[in-house]
Every structure is written in C-alpha cells, then in structure tokens.
Amino acid sequence: MSKYYLFQDTRTCIGCHACEIQCKSNKNLPRGAKPCQIIQVGPKMINGLPKMSFIFMPCYHCEDPWCVSTCPTGAMQKRSSDGIVFVDKELCVGCKTCISACPWGAPQWNPETGKVEKCDYCKDRLDAGLKPACVTLCTTGCLTFGLAEDMTQTRRVRHAEASASFENSSF
Amino acid sequence: MDKEVFSLCFMCSVRCPIKVKVKDGHVDWIEGNPHVAGIDGSLCPRGSAGISMLYDDQRVQSPLIRVGERGSGNWRKASWEEAIDYVADRLKDIKDKTGAHSIALCERAQLATHVSKAFLKALGSPNYFSHDALCKGSVNTACRSLFGYTDAEVGIHYGETKHIVLYGRNIFESLAVKEVKTLMAALEKGARLTYIDPRVTVTASKAHRYWMIRPGTDLALNYALIHVILKERLYDAGFVSKWVHGVNELRDFVEHYTPEWAEKETGIPAGEIIALAREISKDRPSVIFHYGYRGASHQNEIYMRRSILMLNALMGSVEAKGGIFFKKGPGEAGGKAARKLVSQEFPKIDMPRFDKAGTKDFPLPDPNHGVAQVFPYAVLNEDPYPIKALIAYRMDPLMSIADTAQTKKALDKLDLIVTIDINYSDIAWYSDVILPESTYLERTDCIQQMNGLKPQMFLRKKAVEPRYDTLEGAIILKRIGEKLGIGHYFPYETMEDLVNWQLEGTGFTQTDFEKKGFVAYGSDQIFWDRENLPFKTPSKKIEFKSSLLENAGFESFPEYQPVKAPEDNDRFRLVVGRSAIHTHVSTQNVPYLNELESENKLWINTKKAGQLGIKNNALVEVASSCGKGRIKAFVTDFIHPEAVFMLHGFGHEAGRAKRSFNKGLSDALIQENVYDKIGGSPAYHDTFVSVKPL
C-alpha cells in the first residue's frame with residue numbers, strides 16, 4: 001500500500017466531475033482515458049429524502065498490485081520510496097494485461113498512444129512539493145491528500161462533533 | 001520562459017479569479033486564485049476545461065465572410081481589414097438609409113460591455129440588449145419594486161446563514177465556486193437547507209428538506225408561508241414596522257391563502273408548510289429565501305420573485321449577516337470606481353428602444369439590459385420600426401430566445417448579421433460575418449468592478465498570445481467605429497491603454513494587480529446600519545405595496561391564478577435547467593466537457609413513461625405548438641409526473657463544431673416565446689409539450 005491516502009469527503013462532494021477534467025488536463029489526455037472518475041449512485045430515497053452517492057475512483061495503489069505483478073514488460077511499477085503505482089510509458093506495449101488484472105478498473109486506455117494511463121497521485125507534482133491536481137483544484141475542497149495515518153482525522157472529528165450532544169447530555 | 005499570471009476565468013459568466021501558469025508560451029496549468037477567500041485554489045469543471053478550450057482547433061480561427069446561403073456553412077477566410085471594412089460599409093449604408101436605430105447589438109454582458117454600449121451610443125442607436133432579461137429580467141424588476149435597487153446590487157451572505165431555502169436554485173450544479181464553498185461551509189457548521197423543485201437534483205440530495213412541488217406553483221407555496229408567518233406572528237416585528245410599507249395590505253391579501261389551500265395547489269402537505277415557517281423563523285434574521293439566479297419560468301414571474309423577497313423582509317434578513325445584503329461600491333470605502341467609456345458625452349438619441357422598455361407600453365423592464373425575447377417580434381412586425389442589422393456579441397439569440405423557428409424568420413429579414421464570438425455558435429453559423437474574439441487566456445480585458453461587502457477590482461490579464469487570427473472584442477468594435485467616423489469615442493490603441501484609461505483617478509495602476517490579481521478598497525466587510533437603511537423607493541421603505549408597480553398600472557397583490565395541469569395524458573410542462581458541466585449554450589463543443597456530457601435527455605416520470613410505452617434511453621418525439629424534435633428519454637421516479645425536463649444548450653446546428661453538432665435537442669426549438677409582460681423575463685416553463693415514443 002502506498003504510504004499516502006486520498007480522502008474523499010462524500011458529504012461535501014457534489015459530483016461535479018471537476019476532478020476528472022483536472023486530472024486529464026494536467027496529464028493532457030485524449031477522450032476516453034480517465035485516471036480518476038466520479039461514479040454517481042442514486043438518487044435513492046432514504047428516510048424520506050433523496051440521497052446520491054458520488055464515489056471517487058482513482059487508483060488505490062495496492063500493497064501487492066495485480067497490475068504490477070501481471071505486467072509482462074515491467075512498465076507497471078511500484079515506486080519503492082512511497083508505494084505509488086505508476087506506468088512507465090517507455091516500457092508499456094499496450095497489451096492491456098493490467099486492465100484485465102485490476103479489479104477496480106483503474107488502468108485506463110489511451111487510444112492515441114495505444115498505451116495505458118493511470119493515476120500516479122501526480123507524482124511529479126508531489127516531488128515538487130505540491131498536491132495531486134484533483135486535490136488542489138477540487139470545487140468544494142472535498143478531496144484531501146496526505147499520509148494514510150493522518151487521513152482518518154477528518155472523519156473522527158466529524159463523528160465526534162455529530163455525536164456530542166450537549167443539549168441532551170446528563171453530564 | 002515560465003510565468004504566472006493572475007487573471008479571470010471566462011468559461012462561464014461568473015468570472016472566478018484564477019492563476020495561470022505558462023510554460024514556453026503554452027498554458028500549462030490553471031488554478032483558482034489562492035489569494036481570494038472562498039476560492040482558495042478551487043476550479044469548477046468548466047474552469048478546469050479552459051486549456052482544453054484554448055487548444056481546441058474547432059473554434060473560429062480567422063475572420064470569415066459567408067459565401068453561400070445563410071446557415072449553409074460556406075465561408076471564405078478574410079483578413080481583419082477586409083472583414084472590418086465589409087461590416088463597416090454595410091452598417092454605414094444601413095445607417096444612412098434607415099437610421100442608426102435600425103442597428104441592434106445583443107450581448108452576453110461582460111467586462112467590455114461598456115465598450116459595446118459606447119459603440120451603439122456613438123452610432124446613435126438605443127438598441128443594445130443583453131442576455132440579462134432572458135435570465136432574470138423579472139428578478140431585476142422585483143428587486144427594484146421592493147428596494148429601489150436592481151438584483152445586481154443585492155448579494156447573499158451564504159457563509160453565516162442558518163437556513164437557506166432554494167426554489168429550483170440548483171446551487172450545487174448550476175454552480176459558482178465561491179457560492180458553493182461558502183454555502184458548503186455553512187452547512188458543515190449546521191445550517192439547514194430546504195430545496196423545492198419538481199425534479200431531484202444534486203442540490204436536493206444535500207438538502208435537509210426536499211419538496212417535489214407541482215411545477216409552477218411556488219407562488220402558492222409562498223403565499224401560504226406568508227399566511228402562516230403573519231398569522232402566527234413569526235416575523236421580525238421591529239424590522240417590519242420600521243422598514244416595510246404595506247404589511248397590512250399583504251396580511252389582508254394572504255388571508256385566504258391558507259396552507260390547506262396551498263396543499264391542493266402545490267402537493268406539499270399543509271403541516272409541512274407550517275413546520276417550515278415555524279422552523280425558519282427561529283433562525284431569523286440569518287436566513288435566506290433565495291430570490292433566484294435564473295428567474296425566467298412563468299408569466300407571473302415578477303410576483304413569484306417579489307414573494308420570495310417579501311419573505312426575506314418578514315424575516316428581517318435584509319442587510320443582515322447570514323441573510324441578503326446590498327453590495328457596496330468603492331464610494332462606500334472612500335474610493336473611486338474605474339472609468340467606463342459610457343461616461344463620455346454622446347449625441348442624444350430620440351428614438352425609442354425596439355422593445356419599448358421604459359416607455360408606457362412596457363414600463364418596468366430595465367432598459368439598461370433591454371428585453372431580448374421581444375427582438376423577433378419587433379423585427380417581424382416592424383414595430384416600432386424596421387430593424388436591419390444585428391451584431392451578436394457572445395450571445396446566441398437562436399438558442400437562448402424561445403421559439404428558434406420564429407427567431408430565424410426574424411433574422412431572415414435582416415440585411416446584416418455579424419457575430420463576435422470565440423466559438424462556432426449557432427448564431428455565428430447563421431451570420432454573414434464572423435469576427436473571432438481571442439479567448440480569455442489570450443486577452444487582457446477591461447476592469448472588473450466587484451461590488452460587495454468588500455469592494456474590489458479584478459483584472460483579466462493576457463496569459464498567452466492568441467493562437468489564431470483573433471482580436472479582443474474591445475479592439476474589434478473600436479476598429480469598426482473608426483471606419484464609421486466614431487473612432488474618437490475609443491481613446492486607446494491596445495487593451496493595456498484602455499485599462500490604464502479606466503484606472504485613471506482610482507489611485508491604482510496595473511502593477512497593483514500583479515501581486516494577487518486584485519486590489520481592495522478596504523479590508524473590512526461593510527454592513528449598513530439597520531437603523532438607517534437607504535432604500536431607494538419613493539417611500540424609502542421596502543415596498544410590499546409598490547409604487548413602481550402601481551404607478552405603472554399594475555397591482556401589488558394580484559389574485560393568485562391557479563396553475564393548470566397538462567390536459568392530456570401525453571402532455572407535460574417542459575422544465576429546463578443546467579448541469580455542472582456546461583455553461584448555457586457555449587461549452588458543448590469543448591473537448592473535455594463534451595466527453596463528460598455530449599447530449600441532453602428528456603427526464604420523464606416512470607409511471608407516465610410506462611403508460612406511454614416509453615423506455616429508458618429510447619428516442620422520443622417532443623412537440624409543442626412551435627416546434628418538435630427527437631431526444632433520448634431518461635425514465636426516473638425523481639421528477640414530478642406533470643413535468644418533463646431537459647438540460648439547456650444542446651442540439652447545436654453549427655457544422656464546424658463537430659462534437660456538439662446535432663447532439664441532443666435544443667430547448668429553445670420547443671419553447672414558446674411567451675413572457676412576463678410586467679417584469680420582463682421569458683416564461684421558459686410555460687410551454688406544454690406532448691411526448692411520444694418513436
């Protein structure tokens with residue numbers, strides 16, 4: 001697993017798909033390839049209110065990535081320093097084995113180059129001290145990027161605030 | 001050769017502040033201006049597609065002169081000199097023969113609007129009209145009737161609100177970054193969101209209360225809310241007695257508009273209406289009844305918008321934190337606004353406007369914007385006089401004025417149609433000459449005066465050289481003006497000259513914008529003293545009983561007219577709206593945006609679709625009294641059975657915009673050109689359509 005975690009605050013995500021465009025624009029990708037994608041589920045009535053889920057699907061940068069172990073040319077790699085899974089375009093021959101292997105559909109086909117594209121957490125930006133494109137530009141700021149151990153904090157704080165009930169407390 | 005430039009986005013008309021990174025003469029990266037609170041680096045989907053638009057070769061690349069029939073798509077390339085001469089010669093001819101008033105200019109208002117207005121004034125024509133009336137003419141009139149200020153002078157204080165009510169204001173899809181972020185922050189702090197719409201949107205999915213109202217009946221809901229608020233004395237009595245004129249008349253008027261009555265009209269249970277009135281009044285004055293972004297749905301639009309604004313006044317949320325406020329200009333902070341070309345002396349114009357706005361025939365719409373949907377009628381009927389030429393400046397009358405067939409017929413009567421745009425819009429395609437404008441990333445533009453709680457100025461600054469043979473709009477109009485002998489009204493050679501001219505006397509120079517992309521007149525939020533509110537109505541109060549309306553011969557409180565339901569089982573009220581991906585009719589061909597959303601679909605209620613044999617994703621025919629077309633159906637439980645819905649802006653006819661050509665269906669083709677004859681907005685949701693499977 002990469003040492004990073006990309007946290008999507010689903011409560012403030014509005015499913016606007018800006019992240020998809022920002023990613024493509026930053027990587028200058030043609031039609032078709034979407035290294036990250038928002039999948040809308042719903043609306044569905046929950047307790048009398050219509051609810052939608054916007055599921056953010058980048059690459060999860062697995063600990064033992066199927067795409068890396070199956071890649072016949074060594075193009076798909078895991079960066080030893082931080083565990084980011086990326087594809088070396090020079091070595092990619094476009095065999096699509098990684099596309100078959102990945103359970104989450106993360107590797108994407110670039111119809112112009114005939115090679116695979118995927119989310120690499122914008123490692124060039126990380127190396128320059130910046131955040132991934134999608135996180136930097138997100139319309140609502142619902143995406144947060146950082147070390148996995150820090151990323152649970154938002155949810156914990158939110159849950160604590162929601163469950164602290166001063167009005168009804170007997171203490 | 002890397003550089004960073006602060007500028008203003010223009011993928012939609014919100015004009016969010018941006019920072020552009022340029023590498024080797026190419027735009028490499030765009031982000032929201034990190035120095036602007038509420039933007040903090042964010043960029044919406046359309047803004048994020050700016051680079052995709054800039055490097056798209058399907059935009060207009062040089063001046064073009066039509067060689068075939070209008071709309072045939074046969075063009076020849078022209079030099080700027082030839083194209084400008086061509087336009088100027090014909091304009092001069094028309095001016096000499098039928099007078100300057102037979103030349104009209106329509107525009108999506110923008111930073112160089114003072115240039116186009118000056119152009120027409122110098123020419124001697126009163127016939128400037130903008131997109132504004134199409135969007136919110138009646139909101140403007142409603143605001144003036146109550147406060148004496150236009151809607152453009154009113155703002156919403158989202159950040160500190162405790163409860164916001166949105167009437168179809170789909171704020172999380174038809175979005176502006178700063179609004180979304182500040183409202184989202186307020187919701188995170190515990191603010192409540194009530195959303196009312198015949199259709200479930202993303203905004204509905206974030207709401208604490210959602211009502212699938214019967215389409216067209218929001219006014220009935222509001223009268224019932226007012227009924228409860230007055231009856232149960234839930235209003236801000238101090239504020240109302242000090243600042244409201246006509247509350248007793250309102251009380252008498254709403255007496256019979258009970259929640260039980262409204263339940264029958266709207267489909268919203270009476271108990272829930274009462275509950276909202278009680279709940280929201282607990283949070284006053286930090287509550288917002290949102291008066292609308294687009295306010296152009298029904299022929300009684302002005303009364304609907306007035307009722308919303310009255311609810312704010314009853315809550316005391318006018319000029320209140322977390323409510324609505326009046327925008328403060330530089331003068332409030334001891335500064336001076338940038339100059340505009342329209343402040344020059346022009347020859348007096350005696351002819352009335354084509355739309356008669358501001359005359360006794362059509363007294364209330366704002367003549368500063370005109371009433372765009374009247375244009376086809378004025379041309380066809382030659383009423384009040386013949387019109388011979390139209391300059392369309394980044395506004396598309398064919399796709400934005402209802403009843404495209406009628407608009408086309410009117411355009412066919414014109415001797416000259418000129419379009420200034422970056423895109424092959426449908427109006428460009430139907431023009432005689434296209435004068436391509438440089439994109440927002442390729443041009444410096446006029447000063448953006450940002451009035452608000454903290455008055456500021458922003459500057460759009462050229463990031464890269466134009467990719468194609470394009471010019472800035474303000475330069476195009478100046479060049480045409482020079483050929484027409486009015487060049488002296490345009491005292492600049494370059495955009496930099498013009499900006500310098502604008503800044504003279506403000507105490508700021510262009511260099512001051514380099515650090516953060518904007519300059520501020522002060523650092524504190526300015527709220528007026530609620531004991532001394534400077535309302536600009538004759539009574540100096542908020543006029544529920546409106547002298548503006550009554551002096552023009554209209555009632556302040558006309559009886560509610562029941563909203564009719566579709567007569568037959570296959571008939572529906574057509575409702576339209578926006579998504580987060582596209583801006584009106586202008587972005588459908590932008591590569592990345594087109595990839596995400598390339599066509600619109602017709603939302604139709606599952607039960608109704610079942611009865612009519614309409615399957616999800618299958619083609620249907622939609623027909624009204626003025627037009628028909630084909631579109632794929634989207635069958636869903638999440639729309640009211642009386643309504644069908646489609647996104648605005650699809651079904652383009654311009655062949656060179658290949659990605660958007662003939663994709664989806666244009667709502668304007670189906671909508672009847674009917675409008676609010678008092679307030680000035682079109683009634684885009686007053687068309688009934690029949691839907692049948694194909």
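**Exercise 1. Which residue forms a salt bridge with B:Lys462, and how far apart are the closest N and O atoms?**

Solution. The model is predicted.
- Step 1: find the partner. B:Lys462 pairs with B:Glu465.
- Step 2: read the distance. The closest N and O atoms are 3.3 Å apart. The cut-off is 4 Å.
- Step 3: check exposure. B:Lys462 is partly exposed, at 24% relative accessibility. B:Glu465 is exposed, at 56%.

**Exercise 2. Place the salt bridge between B:Asp445 and B:Arg460 in chain B, and classify both ends as buried or exposed.**

Solution.
- Step 1: take the distance. The closest N and O atoms of B:Asp445 and B:Arg460 lie 2.8 Å apart.
- Step 2: locate the ends. B:Asp445 sits in the loop between strand S17 (433–436) and strand S18 (448–450). B:Arg460 sits in the loop between strand S19 (456–458) and H18. The two residues are 15 residues apart, and the pair links distant parts of the chain.
- Step 3: apply the 20% limit for buried residues. B:Asp445 has 3% relative accessibility, so B:Asp445 is buried. B:Arg460 has 0%, so B:Arg460 is buried.

**Exercise 3. Describe the salt bridge of B:Glu550, then name a network in chain B.**

Solution.
- Step 1: B:Glu550 meets B:Lys545 at 2.8 Å, N to O.
- Step 2: both ends are partly exposed. B:Glu550 has 32% relative accessibility, and B:Lys545 has 26%.
- Step 3: shared partners join B:Glu4, B:Lys19, B:Lys21 and B:Glu31 into one network of salt bridges.
- Step 4: over all chains, the count of salt bridges is 46.

**Exercise 4. How many residues of helix H4 in chain B are buried, and what do they pack against?**

Solution.
- Step 1: H4 spans residues 113–123 of chain B, and 10 of its 11 residues are buried. Among them are B:His114, B:Lys117 and B:Phe119.
- Step 2: list the neighbours. The buried residues pack against helices H3 (80–98), H18 (473–483) and H19 (495–503) of chain B. They also pack against strands S6 (103–107), S7 (128–130) and S15 (389–393).
- Step 3: look past the end. B:Gly124 follows H4(B), with a positive phi near 100 degrees.

**Exercise 5. Summarise chain A, then find a nonpolar patch on its surface.**

Solution.
- Step 1: count the elements. Chain A has six helices and eight strands.
- Step 2: take the burial. Of the 171 residues in chain A, 46% are buried.
- Step 3: take the surface. Chain A exposes about 8900 Å², with 53% from carbon and sulfur atoms.
- Step 4: find the patch. A:Ile39, A:Val41 and A:Ile55 make a nonpolar patch of about 220 Å².
- Step 5: inspect one member. A:Val41 lies in strand S2 (residues 37–46). A:Val41 is partly exposed, at 48% relative accessible area.

Notes: Residues numbered from 1 in each chain as written. Chains lettered and ligands numbered in written order. Predicted model: local features only at pLDDT ≥ 70, side-chain atom pairs only at ≥ 80, totals over all residues. Heavy atoms only, no water. Helix = DSSP H or I, 4+ residues; strand = E, 2+ residues; numbered from the N terminus. Buried < 20%, exposed > 50% of the residue type's maximum accessible area, 1.4 Å probe, protein only. Areas by Shrake-Rupley, 256 points an atom, 1.4 Å probe, with all protein chains shown as cover. Patch = residues over 30% accessible without salt bridge, like charges linked within 9 Å, V, L, I, M, F, W, Y side chains within 5 Å. Salt bridge = Lys/Arg side-chain N within 4 Å of Asp/Glu carboxyl O. Contact = heavy atoms within 4.5 Å.
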